Amino acid sequence: MKKLNEKTNEQKRATYNELIIQKENQMDKLVENQKKIEKSLYQLDEDFQRGFQRLRYLNEDNTGMGKNEHYQAQQWDDHLESKLRHQVQYAQEEFNYVFQKEIHEIDDEREELFKKRSEIPWD
């Protein structure tokens with residue numbers, strides 16, 4: 001009977017080990033996805049910055065525009081750039097929050113699995 005219990009306990013521990021590994025893989029995938037999204041949002045912000053810089057140069061080269069029109073166009077462009085870049089920053093913060101929350105929840109689940117596995121007797 002003791003051998004049967006040991007086998008059952010070994011199987012339970014093995015099951016918990018698999019579940020723990022699955023949770024760790026989930027966390028790794030989340031971190032990987034978080035980094036991809038952060039990189040994409042950073043690239044988007046850089047693209048906005050370069051694009052608006054080009055727009056400034058084009059507006060300066062447009063000699064058909066009066067000074068007042070040029071100033072108004074530049075003000076509008078600056079406002080739009082600021083608004084878009086703030087939106088990207090907000091998205092970065094929101095994604096970071098969501099990913100960190102999910103990672104924390106999975107880590108808590110993993111810790112619970114460790115706890116349950118440690119409660120299984122070795123005899």
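This text walks through two helices and what lies between their residues.

The model is predicted, so local features need pLDDT of at least 70, side-chain atom pairs count only at pLDDT 80 or more, and totals for chains, interfaces and linings use all residues. Residues are numbered from 1 along each chain as its sequence is written, and side-chain values use heavy atoms, with hydrogens and water left out.

Start with the helices. Helices here are DSSP runs (H or I, at least four residues), numbered from the N terminus. Helix α1 covers residues 2–61. Helix α2 covers residues 67–118. How far apart are the end C-alpha atoms of α2? They are 75 Å apart. The expected span of a helix is 1.5 Å times one less than its number of residues. For the 52 residues of α2 that gives 76 Å, which agrees.

Now look at what is hidden. Buried means under 20% relative accessible area, exposed over 50%, and partly exposed in between, with a 1.4 Å probe and protein chains only. The buried residues of α2 include Gln74, Asp77, Val88 and Arg110. Glu81 is on that list too.

Take glutamate 81 by itself. Its relative accessible area is 8%, so it counts as buried. What does it touch? Contact means heavy atoms within 4.5 Å. Leaving aside neighbours within four places in sequence, glutamate 81 is in contact with Phe48, Gln49, Phe52 and Arg56.

Cross to α1 and find lysine 23. Its relative accessibility is 18%, so lysine 23 is buried. Beyond residues up to four places away in sequence, lysine 23 touches Ile106, Glu109, Arg110 and Leu113.

Aspartate 45 also sits in α1. It counts as buried because its relative accessibility is 14%. With residues up to four places away not counted, aspartate 45 touches Arg85 and Val88. Follow the chain from aspartate 45 to asparagine 33: they are 12 residues apart in sequence, and their C-alpha atoms are 18 Å apart in space.

Next comes the core. In soluble globular proteins, nonpolar side chains tend to be buried together. A nonpolar core is a set of buried Ala, Val, Leu, Ile, Met, Phe, Trp, Tyr and Cys residues joined through side-chain atoms within 4.5 Å. Which residues form the largest one? Its 5 residues are Met27, Leu30, Phe99, Ile103 and Ile106. Helices α1 and α2 each supply at least two of them. The largest share, 3 residues, comes from α2.

Phenylalanine 99 deserves a second look. Apart from neighbours within four places in sequence, phenylalanine 99 is in contact with Leu30, Asn33, Gln34 and Ile37.

Phe99 also helps to line the largest cavity, together with Gln34, Ile37, Glu38, Leu41, Gln92, Phe95 and Asn96. Both α1 and α2 supply at least two residues of this lining.

How values were computed:
1 Å grid on protein atoms, 1.4 Å probe; cavity = no way out; pocket = protein on both sides within 12 Å on 5 of 7 lines; lining within 4 Å.
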